Amino acid sequence: MSDHLQPLLAIDTATDTASVALVRETGDIWAEYTWHAVGRHSQSLMPHVDWLLAQCGLRPADLGAVAVAIGPGAYSGLRVGLATARGLALALDLPLLGVPTLDVLAYPHRRLPLIVQPLLDAQRGELATARYRTRRDRWTRLDEFRLLTLDEVCAGVERRTLFCGEYPPAVADALRQRLGPQALFASPAENLRRAGYLAELAWARWQAGQSDDLEALEPIYLRRPPVAEG
């Protein structure tokens, strides 16, 4: 069996929401599991990966590639996900594919004729964000990943925008008040960050012959990671 006919495992532990998924040989989502990890990423990730593989009658040796969310997101969650994905890829000699978290959040809305702006709560009064839209029939990220205040997000809205992602209810309330009908919002179910979407994005890259350097791939941190004391 050639590598491109083997399943792909997708891992996303970028925030308190964690998710894993498998893409079968045909490119279809085979299985997916999403849970609220709340700081337990290191304890819960591999048991959920093992369970997912078992549900599909697979062993790690049956995999053809590994994909992982690379942020923006929480420092600890990103480290756990990338370390696990890198370890599997190294041990099994598999391609590794990193996918930005905001790309995953925006992707389900790619067919809407709107600006799509995912938001992730970055604490300290800031939101991690980028804007997306379909341009010339191509789904495109319009700008770099940024940390913005709510004022800066509002100032950048020039047309109807769909907001999605993980942010406090107070942020949605403020956007509604300040932007009126220009602000649209994804439903709670649409805001769930699923590894199935990460898997689709990674599968397309893999089938195009792309992968990332195992050693060079790093999380996207929009702030410096905290320095350990001692």
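This passage walks through the strands and helices of a predicted model and how they are arranged. Local features are reported only where pLDDT is at least 70, side-chain atom pairs count only at pLDDT 80 or more, and totals for chains, interfaces and linings use all residues. Residues are numbered from 1 along each chain as its sequence is written, and side-chain values use heavy atoms, with hydrogens and water left out.

A good place to start is the open sheet of 5 strands, which has the order 3-2-1-4-5 and mixed pairing (two strands pair if DSSP finds at least two bridges between them; strands, E, of at least two residues and helices, H or I, of at least four are DSSP runs numbered from the N terminus). Strand 3 (29-36) and strand 5 (96-99) stand at the edges with a single partner strand each, so one side of each is left without a neighbour in the sheet. On average, and with direction ignored, neighbouring strands of this sheet are turned by 15 degrees against each other (axes are lines fitted to C-alpha atoms, for helices over the stretch in contact, and angles run from 0 to 180 degrees between N-to-C directions). Strand 4 (residues 65-69) runs parallel to strand 5, joined by 4 bridges, and Val66 has Leu96 in strand 5 as its bridge partner.

Helix 2 lies across strand 1 (8-12), strand 4 and strand 5, running at about 170 degrees to strand 4. Helix 2 (residues 75-92) also packs with helix 1 (residues 41-55) at an angle of about 35 degrees, the axes being 10 Å apart. In this contact (heavy atoms within 4.5 Å), His41, Ser42, Leu45 and Met46 of helix 1 meet Gly77, Val80, Gly81 and Thr84 of helix 2.

A second group of strands can be followed from strand 6 (residues 115-121), which pairs with strand 7 (residues 126-129) in the antiparallel sense over 3 bridges. Leu120 has Ala128 in strand 7 as its bridge partner, and in the hairpin, with 4 residues between the strands, Gln123 takes a positive phi near 65 degrees. Strand 7 also pairs with strand 10 (residues 146-149), antiparallel over 4 bridges.

Strand 6 pairs in the parallel sense with strand 11 over 6 bridges, where Gln117 stands opposite Phe163. Of the 6 residues of strand 11 (residues 161-166), 5 are buried, so this strand is largely enclosed by the rest of the structure (buried means under 20% relative accessible area, exposed over 50%, partly exposed in between, with a 1.4 Å probe and protein chains only). Strand 11 runs parallel to strand 12 (residues 183-185), joined by 3 bridges.
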